[in-house]
Amino acid sequence: MSDKLDTILQAARDHAEQVILPNVDAWNAAKKWPRDASDKAGAAGLTGLYAPEEFGGQALPLAEGIQVYEQLGRGDGAYAFALSMHNICTFAGCGYGTDAFKEKWARDLTSGRKLANFALTEPQSGSDATNMYSRAVLNGDGTWTISGAKAWVSLATEADIYFTVVKTSDAPGHKDMAMIAIPADAPGLSFGPLYDTPSYNFLPLAEMYMDKVVVDETNIILPIGQGLQGALMAIDIARVSIASGCCGLMQSALDTALSYSKNRKMFGGRNLDLDGIQWMLGEVATDLEASKLLYRKAAEALGTPEGPLMAAHAKRFVPDAAVKAANTCTQVLGGAGLLQPYGLDRLSRLAQMLRIVDGTTEISRMVIGRALQKRAATLPDLPVPKGFGETG
C-alpha cells in the first residue's frame, strides 16, 4: 500500500468515526444533506480521489481510490455512495472536460467546495439507458439547448453541477449520445419533490427537469458518440464503489453484533460463546472477506476488457452479502436489533438500496449470463440425450 493511499484511507476512517457516525441519525431526522460534512470530506482530500494533482486532486488509480468507500461505508452507505458519484464526475470533468471547463470547475470540485452528480436514468426507462428522451441541440452561437427529464438524481437540489447524458438527435440507438455538465443555476433547470427514502433521507434524490436549458458548448464532457460509452464506464466504477461501501456496511453490522453478543448473557453464558451465534457471525465474516477480495479484483479490472464483467460480479455478490449480513446481525441481537440506537435497521435498509442503485443485481446477472453464453460458444459440444419423439 502506498503512503498516499494509507494516509487517505486513514482520513476516510477518521471521517466515518468522527463525522458520519455521531451525526447520521440527526442528518436523517433533518432530511437535509450535511454540507458541512462534505466540506470536511473535501478538506480531508476525499472529493478529488482520481483527479490529477495539478487540479488539486489525489491522482489515485481507480483500484486504490475505490477502497475509500469501504471506510466511509462503516459510517453510512448512502453518504459513501454520494461521494463516490461526486468523485466519478470530478474524474470525468478533470480528465475529459474542455480546458475552459477545467479552468472554471476543476479545483472547486476536487476541493469539495462544489459538488457534482450524475444524471443518466430517465423516469420511463430505468436501466434501459438507450431508451432516452432527453435531447440536446447545438445552436449556431456556441451553446447547447437541452430539454428532458432524469430520475433518481442524487444530490438533487444540493449539487452545484450535474453531468447529464443526452441524445442529440431523434435517431434510434446510442451513437448520438453525449455528456454535458449542467450548472445548478442554469435557467430552466428544476427538480420534482424529493423522494421519501427511509433511513437515508439526508441524501436528496429526485427527478430533474430540463426545460430549454442553455449551456455553453465548453460544458461538453464527452462528445457526440461517446456519451453512452462514458456513462457505462462511470456505472462500472459506481458498481465497484458500491461494493466497496457495502464491505464497510458489513463490517459495521458485524462489529455491532460482536459488541453486543460478547456481553449479552443467556442460558448461563454469553451469547458469543454459543456455537449457533458463532456460526451465524462466522458466515458473515467469511462473506465479508470474500467481498473485499472480489471488489478489489474488480477495481483492478476497470478500464480493461474484463472490467464490465468483474464490476457485474462485484455488484451481484457484495450487496446481496450485505443484505444477508445486516439481517443476520439483526437476528443476533434479537429484539434489540430492531431498536434505532443500534443502527441495524438503518444498515438493512441501506443494503437493500445499494442492491438497486446503478443497476440492480438482476441487471448484473444479465451481464454475467451473456458472458457465460459467449464462453459456452467456445467450448466443445457435449451430447445431449434426445427426448421421446425428438428427431432434430
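**Note on helix packing, the nonpolar core and two individual residues**

1. Ser291 lies in helix α9, which spans residues 275-301. In this model, which is a predicted one, Ser291 has a relative accessibility of 0% and therefore counts as buried, the cut-off for that class being under 20%. Once neighbours within four places in sequence are set aside, the residues in contact with Ser291 are Cys247, Met250, Phe317, Val318 and Ala321.

2. The packing of α8 against α9 gives Ser291 its wider setting, since Ser291 is among the α9 residues that make this contact. The two helices pack at an angle of about 160°, and their axes are 9 Å apart; because angles over 145 degrees are classed as roughly antiparallel, α8 and α9 are assigned to that class. Their crossing is left-handed. On the α8 side the contact is made by Val240, Ala243, Ser244, Cys247, Met250, Gln251, Leu254, Ala257, Leu258 and Ser261, while α9 contributes Ile277, Leu281, Val284, Ala285, Asp287, Leu288, Ser291, Lys292, Tyr295, Ala298 and Ala299. Sorted by class, the residues of this contact comprise 15 nonpolar, four polar and two charged.

3. Helix α8 also packs against helix α11 (residues 344-356), again at an angle of about 160°, with the axes 11 Å apart. The pair α8 and α11 is therefore roughly antiparallel, and the crossing is left-handed. From α8 the contact draws on Ile242, Cys246, Leu249, Ser252, Ala253 and Thr256, and from α11 on Leu344, Leu347, Leu350, Ala351 and Leu354. The residues of the contact of α8 with α11 include nine nonpolar and two polar, with no charged residue.

4. A third helix pair to record is α6 (residues 77-96) with α7 (residues 99-110), for which the packing angle is about 150° and the axes are 9 Å apart. This angle is over 145 degrees, so α6 and α7 are likewise described as roughly antiparallel to each other, and their crossing is left-handed. The residues that meet are His86, Thr90, Gly93, Cys94 and Gly95 in α6 and Phe101, Lys102, Ala106, Leu109 and Thr110 in α7. By class, the contact of α6 with α7 holds four nonpolar, five polar and one charged residues.

5. In soluble globular proteins, nonpolar side chains tend to be buried together. Here the largest nonpolar core has 117 residues, and those with the most contacts inside it are Ile66, Phe118 and Phe163. The largest share of this core comes from helix α8 (residues 227-261), which supplies 17 residues. As for Phe163, leaving out its neighbours within four places in sequence, it is in contact with Cys89, Ala92, Gly93, Phe101, Ala116, Asn117, Phe118, Ala119, Met179, Ile180, Ala181 and Ile221. Two of these partners, Gly93 and Phe101, are also listed where α6 meets α7.

6. Lys31 is placed in the loop between α2 (24-30) and α3 (35-43). Its relative accessibility is 52%, and because the exposed class begins over 50%, Lys31 counts as exposed. Not counting residues up to four places away in sequence, Lys31 touches Asn201 and Phe202. Lys31 and Leu203 are 172 residues apart in sequence, yet their C-alpha atoms are 7.5 Å apart in space.

Conventions:
Residues numbered from 1 in each chain as written. Predicted model: local features only at pLDDT ≥ 70, side-chain atom pairs only at ≥ 80, totals over all residues. Heavy atoms only, no water. Helix = DSSP H or I, 4+ residues; strand = E, 2+ residues; numbered from the N terminus. Buried < 20%, exposed > 50% of the residue type's maximum accessible area, 1.4 Å probe, protein only. Contact = heavy atoms within 4.5 Å. Core = buried A, V, L, I, M, F, W, Y, C linked by side-chain atoms within 4.5 Å. Axes fitted to C-alpha atoms, helices over the stretch in contact; angles between N-to-C directions. Parallel < 35°, antiparallel > 145°, perpendicular 65-115°, else oblique. Left-handed = near helix turned anticlockwise from the far one by under 90°. Nonpolar A, V, L, I, M, F, W, Y, C, P; charged D, E, K, R; others polar.
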